[in-house]
Amino acid sequence: MSVSDKEKEEIEKSSAPLIEHLVELRRRLIWSLGGFFVAFLVCFFFAKRLFNLLVVPFKWATQWAGLDPHKVELIYTAPQEFFFTQVKLAMFGGMVVAFPLIATQIYKFIAPGLYKNERSAFLPFLIASPVLFLMGASLVYFFFTPMVMWFFLAMQQVGTNDQVQISLLPKVSEYLSLIMTLIFSFGLVFQLPVVTSLLTRVGLLSSQALVDKRKWAIVLAFVVAAVLTPPDPLSQCGLAIPTILLYEVAIWSSRIIERNQERDRLAREQQDAGGSAAKKAADAPSTQAPT
């Protein structure tokens, strides 16, 4: 298969000595780590406010359970526990805040090695990825975390003459681990359409293959939900059902990509056929025998 002059020129521009690639990689890493460090310091400064913001779904759950949301109480049992909880929260927030910068640095590092059409195809997925992650995180914050905490609050027991008082007093570290696990789980699951679309675009996956593996995908969705979420049916079904729906969205997006690729292929074939016909028509008078 012949390579056009334009593609050869792009290949020559993208080829560079190894030392230049290493220098470029170091520069991108410095920018990424620097952005994360700055975001970490800012989030650590506001760590208590961020933690209070993450406790809001717990307050909603107490209101659903018929309790006073103003009396929500969390505890820590080790002197250093809340400090390290704030550090963990600052790292989590710093990664979220710095992700656009990190993703941009990754794209700038790999973009010179891509063709122009590959860069234009990769950029929409770079934008869609954080948007889908935020959608998954919002679903956790506004719906599933209150539902899970309401489920746990319903297990409390009121003290009477025949039974003891059993109250939920979650630790700050365990509550943060719970909500972070849910956010990461849903955020990663919401990347399914992005991953499958990229694999379909490069030819490593097809919509028919996704359809054929649908049954296995449903089973795998419940298995992954059982591993990633707390051991309660609400959170497990809450993760598995959106995963199955996103799998159907992935099939739909793969079909759209395949139709667009087929339309572009037919257009190129028609253009090549028209160019060949025009060239033959232009060469025809010169090949005629003299009378």
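Being four residues apart in helix α2 (residues 18-45), glutamate 24 and arginine 28 are separated by about one helical turn. In this predicted model, the side chains of these two residues, glutamate 24 and arginine 28, form a salt bridge in which nitrogen and oxygen are 2.7 Å apart. Both partners are shielded from the surroundings by the criterion applied here: glutamate 24 has a relative accessibility of 17% and counts as buried, and arginine 28, with a relative accessible area of 16%, is likewise buried. The pairing extends to a further residue, since Glu24, Arg27 and Arg28 are linked in a network of salt bridges.

Across the whole structure, the search returned five salt bridges. Side chains of opposite charge can pair when their charged atoms come close. Among the five is the contact between arginine 214 and glutamate 248, whose side chains meet with a nitrogen-to-oxygen distance of 2.8 Å. This pair links distant parts of the chain, with arginine 214 placed in helix α10 (residues 214-228) and glutamate 248 in helix α11 (residues 233-287), 34 residues apart. With regard to solvent accessibility, arginine 214 counts as partly exposed at 27% relative accessibility, and glutamate 248 is also partly exposed, its relative accessible area being 32%.

Helix α11 also holds a salt bridge within its own length, as arginine 265 and glutamate 262 both lie in this helix, three residues apart, a spacing of about one turn. The side chains of arginine 265 and glutamate 262 approach to 2.4 Å, taken from nitrogen to oxygen. Arginine 265 has a relative accessibility of 32% and therefore counts as partly exposed, and glutamate 262, at 36% relative accessibility, falls into the partly exposed class as well.

Disulfides were considered alongside the salt bridges, and the count for the model comes to zero. A disulfide would require a pair of cysteine sulfur atoms within 2.5 Å. As for the surroundings of individual cysteines, cysteine 43 is buried, with a relative accessible area of 8%, a value that lies under the 20% cut-off for burial. Cysteine 237, in contrast, is partly exposed, with a relative accessible area of 36%.

Note on methods
Residues are numbered from 1 along each chain as its sequence is written. This is a predicted model: local features need pLDDT of at least 70, side-chain atom pairs count only at pLDDT 80 or more; totals for chains, interfaces and linings use all residues. Side-chain values use heavy atoms; hydrogens and water are left out. Buried means under 20% relative accessible area, exposed over 50%, partly exposed in between (1.4 Å probe, protein chains only). A salt bridge is a side-chain nitrogen of Lys or Arg within 4 Å of a carboxyl oxygen of Asp or Glu. Helices (H or I, at least four residues) and strands (E, at least two) are DSSP runs, numbered from the N terminus.
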